[in-house]
Each structure stands twice: as C-alpha cells, then as structure tokens.
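The following exercises concern the fold, the overall dimensions and the nonpolar interior of one protein chain. Each task is followed by a worked solution.

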Amino acid sequence: IVKVNLDLSGLDALVYATCVGGTDLDMANGIDLDPSGDVWITGYTMSVDFPVTENAPQPRYAGGVDGFVVRFTPSAAESQPLKLGTYLGGFDADVPNAVKVLADGRVAVAGYTMSSDMPARGDSPAVNLVDAFVTVLDPAKAGAEGFVFTTTFGGALVEAVTCLAADASGNVYASGGSYSFDLPTTDGSGKPAESGIPSGFLLKIKP
C-alpha cells in the first residue's frame, strides 16, 4: 500500500508505504477509499497466515485460493493501521477483482468463484464451473455477521466481475466478462442474447 503526494517529486512525494500479506502469494486487485480516508483493498491470497483482525467475518483460510479484504489507515502516526483484515472464500478458488464503498458505509466486493460454500450465500444459485460473485460486508458488524449479502451470477461456463460502481440509492453495478451462451438476462434487457464469446455483462443489484 503506497500513498503519494502528486504535488511533490522524487522521494519527497512518498507519504506512506507498507507491505500487507503472509508467507505465500498475496495479490491486490482492487482499491477504494471511504469518506474517512481509509483505504479498502481486495485481492487474493495463498497465505494461511494472512493478517486478520479480531472483527474478521472470516478469520481462517478456507483452502485453494482465498480472497481477502483489508481496511487500512495510511498514516505513520496510526499505531494500529489495519482496521479490518479478513479472508473471503470457500474450499476452491475465489478471486475478488474490485471493491466499492457504498453510501451507507457497507462495502461491496466482486470477482469470480469456484466455491459452492461462499460465505453468506443465502438464496444464491449454485456455482457452475466458474461464476461471478458480489459480496457485501458491513464493517460495523463483527464476526460472520459482517458478511451481509452474497450472490453469484453465471451460466454453464465462466463469468467474472472486473469492475464495480454504486449509486446513492444503494444499488450496486457490476460489469465483467462471460463465456456462457446461457447467461440469464432480465426482461427488457438491452442485449438479451449473447452474440459471441467472450461477451461483456452488466448487473444491477439491490443488496
């Protein structure tokens, strides 16, 4: 995690820099800022000792490749800069690609999953091969209650979310790519039938 001052040059521009991770591979894929200036980062890890906090919704590595979510205060004056560190995933590969802080303070994370035991799945459909997922966590809730929503999206083959956005009404917008010809679409969809592989997709979700 690096914070720079673009009004300065050279090493003077380096405001803060640190490493976050465990003893194996740790890869950051998405970043966002909340109104307090804290940094939210998501990605994937193969480290069984990735740093987790006491309030982590998923404190333990589940296997395969797990996602992670961290909340960090990039300040040298902060004695405990890691405000939240958690795994996100099931027994197989789970790779978050994007993170977005919502207007109500909750945080959306999205990517792709091969795990049928993703946390807080609720009525989400079964995972087919590799499906896109969107998870929402509430940093005000500790432990497993922190994962307040998860849904998957996909067809018979491979889907993955690559970008996230949100509006002031709490809707989450997820876009990505699909290799499935049977991707579910809504009535009135601007493009209800897939024309080639791969194709892009856009989801609007009210979590």
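**Exercise 1.** Determine the order of the elements of the protein chain from the N terminus on, and decide whether the chain is as compact as a globular protein of its length.

*Solution.* In this predicted model, the elements run β-β-β-β-β-β-β-β-β-β-β-β-β from the N terminus on. The count is therefore zero helices and 13 strands. For compactness, the globule rule gives 17 Å for 207 residues, and the radius of gyration of the protein chain is 18 Å, close to that value, so the chain is as compact as a globular protein of that length. Along the principal axes, its C-alpha atoms fill a box of roughly 55 × 35 × 30 Å.

**Exercise 2.** Establish what share of the residues counts as buried and what share of the contacts between residues at least 6 apart joins residues at least 24 apart.

*Solution.* Buried residues make up 44% of the 207. Of the contacts in question, 56% join residues at least 24 apart in sequence.

**Exercise 3.** Describe the largest nonpolar core and the surroundings of leucine 164.

*Solution.* This core has 17 residues, and Leu164 and Phe201 touch the most other members. Two or more residues each come from strand 8 (107-113), strand 9 (131-137), strand 10 (147-153), strand 11 (159-166), strand 12 (172-178) and strand 13 (199-205). Beyond its neighbours within four places in sequence, leucine 164 is in contact with Ala98, Val99, Lys100, Ala108, Val109, Ala110, Val172, Tyr173 and Ala174. Another core, of twelve residues, lies apart from the largest one and includes Trp40, Val99, Leu137 and Phe147.

Terms used: Residues are numbered from 1 along each chain as its sequence is written. This is a predicted model: local features need pLDDT of at least 70, side-chain atom pairs count only at pLDDT 80 or more; totals for chains, interfaces and linings use all residues. Side-chain values use heavy atoms; hydrogens and water are left out. A nonpolar core is a set of buried Ala, Val, Leu, Ile, Met, Phe, Trp, Tyr and Cys residues joined through side-chain atoms within 4.5 Å. Buried means under 20% relative accessible area, exposed over 50%, partly exposed in between (1.4 Å probe, protein chains only). Helices (H or I, at least four residues) and strands (E, at least two) are DSSP runs, numbered from the N terminus. Contact means heavy atoms within 4.5 Å. The radius of gyration is taken over C-alpha atoms; the globule rule is 2.2 Å times the number of residues to the power 0.38.
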